[in-house]
Amino acid sequence: MNKTFSAHQLSFFPWIGFWKKIYDSDYFDLSIYDQFTEHTWIHYTFIGNHNKKIKWKLPVESEFIKHHTKYAIKDVKVKDGFANDLLNEFYAVHHNDKYFEYIYPLLQDWLKSVEHLKSLWLINFVLINKVYDYLQLNTKLSILPYTNDAADVTTKIIDQTDSLKCKKYLSGPHGMNYLDENKFNSSNIELHYQDTSYLYENYPQSIISLLSQYGINFVLDLLKK
């Protein structure tokens, strides 16, 4: 059986498309060295539904919010005391949800458990693992070694895929813009692109918002589609 490898930046309570990518992979790399920019989803997500998007955001220290400076995710720090503000914002939007009474206590525990941490990557890492456990996923998570060389993105991904003895790589849809498909063919690795258009159109909110509104069984069914 050909196994599938995938990877992604660690965002703050990512949306369902992130989790489907994990579900559809045998191995998933929790990228730590990728670049942080203010406009990626690394430190925010959306609460609400597809009709009403409300940005839900970890407060990053101001020194990292500079367009002209590049930082790795692992280097970015967040401000202290963010848990109560995030909980209040979530409560205001979702307190009437069908499954709110089940999800909100989990959210309280999860956010309080990381409030003492300063590292944006570590906060996202811990929270993603808590959701992973809650969803009872089986994909093997990894933090692959970083090689500071001149290899292009495609070559690095191929090397990572080979290191895990996988024969398939699952890319997000934007991979079409930068991956060299010929190199995958030459390496006998199947390149697949994730189609998240249906999910993004209907369920762009955070995984926590989705669980609060529809429940875990609904979310698991989405992952299986």
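S142 touches F28, D29 and L30, leaving out residues up to four places away in sequence, where contact means heavy atoms within 4.5 Å. The residue is found in strand β7 (residues 140-142); strands (E, at least two residues) and helices (H or I, at least four) are DSSP runs, numbered from the N terminus. With a relative accessible area of 15%, S142 is buried, on a scale where buried means under 20% relative accessible area, exposed over 50%, and partly exposed in between (1.4 Å probe, protein chains only). Its C-alpha atom is separated by 9.2 Å from that of A7, although the two are 135 residues apart along the chain. This is a predicted model, in which local features need pLDDT of at least 70 and side-chain atom pairs count only at pLDDT 80 or more, while totals for chains, interfaces and linings use all residues. Residues are numbered from 1 along each chain as its sequence is written, and side-chain values use heavy atoms, with hydrogens and water left out.

Another serine sits in strand β1 (residues 4-9), namely S6. S6 is buried, at a relative accessible area of 0%. Once neighbours within four places in sequence are set aside, S6 is in contact with K21, S25, Y27, F28, D29, Y169 and L170.

Turning to the nonpolar interior, the largest core holds 52 residues, and F13, I16, W19, L111, I207 and I208 touch the most other members. A nonpolar core here is a set of buried Ala, Val, Leu, Ile, Met, Phe, Trp, Tyr and Cys residues joined through side-chain atoms within 4.5 Å. At least two residues each come from α1 (16-23), β2 (27-31), α2 (83-94), α3 (100-114), α4 (120-135), α8 (207-214) and α9. Of these, α4 gives the most, with 8 residues. Apart from this core lies another, of 12 residues, with F5, A7, L144 and C166 among them. As for W19, its contacts are P14, I128, V131, Y132, L135, L137, I207 and L223, again not counting residues up to four places away in sequence.

F13, also in the largest core, sits in the loop between β1 and α1. It is buried, with a relative accessible area of 2%, and has a positive phi of about 40° despite not being a glycine. Most residues other than glycine have a negative phi. Q136 also has a positive phi without being a glycine, at about 55°. This residue lies in the loop between α4 and β7 and is exposed, with a relative accessible area of 67%.

Within helix α4 itself is Y134, which counts as partly exposed at 26% relative accessibility. Y134 touches I103, L106, W110, L211 and I216, not counting residues up to four places away in sequence. By contrast, the C-alpha atoms of Y134 and A72 are separated by 28 Å, with their positions 62 residues apart along the chain.

Helix α8 is mostly covered, as 7 of its 8 residues are buried. Those buried are I207, I208, S209, L210, L211, S212 and Q213. What covers them includes α1, β4, α2, α3, α4 and α9. After α8 comes G215, whose phi is positive, near 90°.

Strand β4 (residues 44-49) has 5 of its 6 residues buried, so it is largely enclosed by the rest of the structure. It runs antiparallel to β5 (residues 52-57), and 6 bridges join the two; strands pair if DSSP finds at least two bridges between them. A hairpin of 2 residues connects β4 to β5, and N49 has K52 as its bridge partner in β5.

Finally, the second largest pocket has a volume of about 200 Å³. On a 1 Å grid over the protein atoms alone, a pocket is an open set of points where a 1.4 Å probe fits, with protein on both sides within 12 Å along at least five of seven lines, and lining residues have an atom within 4 Å of a point. Grid points are joined across faces, edges and corners, and the volume is the space filled by probe spheres set on the points. The lining consists of 14 residues, of which Y23, S25, L137, N138 and T139 lie nearest the centre. Helix α9 (residues 216-224) gives the most to this lining, with 3 residues. By class, the lining has 6 nonpolar, 4 polar and 4 charged residues, where Ala, Val, Leu, Ile, Met, Phe, Trp, Tyr, Cys and Pro count as nonpolar, Asp, Glu, Lys and Arg as charged, and the others, Gly among them, as polar.
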